[in-house]
Amino acid sequence: MSALVARLSELVAINSVNANLADGPGEQKIADYVADAARALGADVEMHEIEPGRPNVLARLANGHSRTLMFECHLDT
């Protein structure tokens with residue numbers, strides 16, 4: 001299994017149903033996973049809890065000498 005498929009398999013295995021829907025657990029576990037993965041790549045990571053159990057993850061990888069590319073996605077499923 002490729003590293004990409006392994007990573008995606010780990011992500012989809014995390015129950016991250018929105019806490020406001022169907023008694024979902026919220027996004028905390030998947031946010032922690034994403035933050036840890038970003039830190040392992042050398043990113044500066046910030047987490048901002050918008051609502052209890054519903055954090056946003058902001059990860060920055062920058063060298064200060066190139067253009068910016070931004071990815072935005074939902075953590076809840």
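Is Arg39 buried, exposed or partly exposed? Select Arg39 to find out: its relative accessible area is 43%, so Arg39 is partly exposed. Keep in mind along the way that this is a predicted model.

**Stop 1: helix H2**

Now widen the selection to residues 28-40, which form helix H2. With 13 residues at 1.5 Å a residue, H2 should span 18 Å, and the distance between its end C-alpha atoms is 18 Å, so the two agree. Stay with Arg39 for a moment and add Asp36: their side chains form a salt bridge, 3.3 Å from N to O. The two residues are three apart in H2, which means that about one helical turn separates them. Asp36 is partly exposed too, at 48% relative accessibility.

Next, colour the buried residues of H2: Ile30, Ala31, Tyr33, Ala35, Ala37 and Ala38. Show what covers them, and you will find helix H1 (3-13), strand S1 (44-51) and strand S2 (54-60) included in that cover. Before leaving the helix, click on Gly42, which follows H2 and has a positive phi, near 95°.

**Stop 2: the nonpolar core**

Select Ile14, Ile30, Ala31, Tyr33 and Leu75 together; these five residues make up the largest nonpolar core. Then centre on Tyr33. Apart from neighbours within four places in sequence, Tyr33 is in contact with Arg7, Glu10, Leu11 and Ile14.

**Stop 3: Arg54**

Move on to Arg54, in strand S2. Arg54 has a relative accessible area of 19%, and because buried means under 20%, Arg54 counts as buried. Which residues are in contact with Arg54, leaving aside its neighbours within four places in sequence? Display Asn18, Ala19, Asn20, Glu27, His48, Glu49 and Asp76 to see them.

Glu27 deserves its own click: the side chains of Glu27 and Arg54 meet in a salt bridge, with 2.9 Å between N and O. This pair links distant parts of the chain, since Glu27 sits in the loop between H1 and H2 while Arg54 is in S2, 27 residues apart. Both partners are buried.

**Stop 4: between the strands**

Finish with Glu46 and Arg60, whose side chains form a salt bridge at 2.8 Å, N to O. Glu46 belongs to strand S1 and Arg60 to strand S2, so this pair ties together parts 14 residues apart in sequence. Check the accessibility of each: Glu46 is partly exposed at 31%, and Arg60 is partly exposed at 43%.

How many salt bridges does the count come to? There are three, and your tour has visited the pairs Asp36 and Arg39, Glu27 and Arg54, and Glu46 and Arg60.

Note on methods
Residues numbered from 1 in each chain as written. Predicted model: local features only at pLDDT ≥ 70, side-chain atom pairs only at ≥ 80, totals over all residues. Heavy atoms only, no water. Helix = DSSP H or I, 4+ residues; strand = E, 2+ residues; numbered from the N terminus. Expected span 1.5 Å × (residues − 1). Buried < 20%, exposed > 50% of the residue type's maximum accessible area, 1.4 Å probe, protein only. Contact = heavy atoms within 4.5 Å. Core = buried A, V, L, I, M, F, W, Y, C linked by side-chain atoms within 4.5 Å. Salt bridge = Lys/Arg side-chain N within 4 Å of Asp/Glu carboxyl O.
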